Amino acid sequence: MTAYKLYCDEAGNTGPNFIDQNQPIYVLAGLLVPSAAEPVLDAAIQTARRTGAQEVASARMLDSESGCRRLEGALKKLEEAGCVPVYVIFEKRFGVAGKIVETFLDPFYNPLIGNEWTWPSETKIRLARHLHELPDAVLNEFARAYRALDPALLDASLSGIQVYLGETGHGDIAVLMGGSRPKIGELASTEATLTKGQRSINFMGSSG
């Protein structure tokens with residue numbers, strides 16, 4: 001059985017700030033490298049480092065024709081050695097929608113919700129897709145409230161979300177979300193104990 005190592009990097013991670021207009025997309029990309037191809041990878045990195053830079057930055061290499069040729073050659077050798085590129089492209093707006101679901105439909109803070117909501121499910125994904133269509137003002141209001149972890153702001157954003165759900169035929173979900181209102185203060189206090197990293201997209205992806 002072939003053993004692989006995963007080398008990866010990210011772009012666009014803005015921590016708990018999911019509404020950075022300059023970076024609306026998050027990308028996590030990497031390379032699955034079989035053990036036998038490790039020497040090929042090392043050689044490719046050393047070739048790229050001939051530019052004198054400590055870090056191999058593709059943006060810098062793509063600025064010149066010779067850099068493009070070196071990058072193309074290195075990628076071709078890696079492909080021939082059995083390396084597999086992997087990536088995830090994540091729209092932060094959908095991350096906000098998903099965080100709304102996780103925040104207001106958490107059984108621990110919402111007595112109207114059963115334990116079946118604890119784990120990811122198709123129902124939660126479908127609901128997040130619907131909330132993805134929230135008006136910008138409503139979606140951004142929640143994103144700012146969650147970043148600040150201010151109970152009053154979270155309560156106000158919940159009201160806006162409930163109005164939208166009611167107007168789009170999901171009044172039952174609006175009522176369920178309202179069950180979290182008495183514990184919003186407790187929820188905010190618990191979330192405040194997390195680090196910025198734990199509230200970032202990376203942590204969302206690993207836990208969901």
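Start with the whole chain and a contact map: among contacts with a separation of 6 or more, 69% join residues 24 or more positions apart. Keep in mind that you're looking at a predicted model.

**Whole chain**

Color by secondary structure and you'll get ten helices and three strands. Reading from the N terminus, the order is β-β-α-α-α-β-α-α-α-α-α-α-α. Buried residues account for 36% of the 208 in the chain. Switch on the surface: about 12200 Å² is exposed, with carbon and sulfur atoms supplying 56% of that.

**Confidence coloring**

Now color by pLDDT. The chain averages 85, and 86% of the residues score at least 70. Select residues 201–207, helix α10, for the lowest mean pLDDT of the elements, 51. Then jump to residues 151–167: that's helix α7, which has the highest mean, 97. Where pLDDT is low, don't read the predicted coordinates in detail.

**The main core**

Next up is the largest nonpolar core, which has 31 residues. To find its best-connected members, select Ile100, Leu127, Leu131, Ile161 and Met177, the residues with the most contacts inside it. Two or more residues each come from α4 (92–104), α5, α6 (136–148), α7, α8 (171–178) and α9 (184–192). Which helix gives the most to this core? That's α6, with six residues.

**Zoom on Leu127**

Leu127 sits in helix α5, residues 122–131. Is Leu127 buried or exposed? Its relative accessibility is 7%, so it counts as buried, the cut-off being under 20%. Show its contacts beyond four places in sequence and you'll pick up Val101, Leu105, Trp117, Leu165, Ile173 and Met177. Try a distance label on the Val101 pair: these two residues are 26 apart along the chain, yet their C-alpha atoms are separated by 7.4 Å.

**On to Met177**

Hop from Leu127 to its contact partner Met177. Leaving out residues up to four places away, Met177 touches Ile100, Phe104, Leu105, Asn110, Leu127, Leu131, Leu158, Ile161, Gln162 and Leu165. There's also a second, separate core of six residues; select Leu31, Ala37, Leu41 and Leu78 to see some of its members.

**Last stop: the surface**

In soluble globular proteins, nonpolar side chains tend to be buried together. For a contrast, select Ile25, Tyr87 and Ile89, which make a nonpolar surface patch of about 350 Å². Ile89 belongs to strand β3, residues 84–91. Why does Ile89 count as exposed? Because its relative accessible area is 58%, and exposed means over 50%.

Definitions and conventions. Residues are numbered from 1 along each chain as its sequence is written. This is a predicted model: local features need pLDDT of at least 70, side-chain atom pairs count only at pLDDT 80 or more; totals for chains, interfaces and linings use all residues. Side-chain values use heavy atoms; hydrogens and water are left out. pLDDT is the predictor's confidence in each residue, from 0 to 100. Helices (H or I, at least four residues) and strands (E, at least two) are DSSP runs, numbered from the N terminus. Patches are made of residues with over 30% relative accessible area and no salt bridge: like charges are joined within 9 Å, nonpolar side chains (Val, Leu, Ile, Met, Phe, Trp, Tyr) within 5 Å. Accessible areas come from the Shrake-Rupley method with a 1.4 Å probe; for residues, only the protein chains shown count as cover. A salt bridge is a side-chain nitrogen of Lys or Arg within 4 Å of a carboxyl oxygen of Asp or Glu. Buried means under 20% relative accessible area, exposed over 50%, partly exposed in between (1.4 Å probe, protein chains only). Contact means heavy atoms within 4.5 Å. A nonpolar core is a set of buried Ala, Val, Leu, Ile, Met, Phe, Trp, Tyr and Cys residues joined through side-chain atoms within 4.5 Å.
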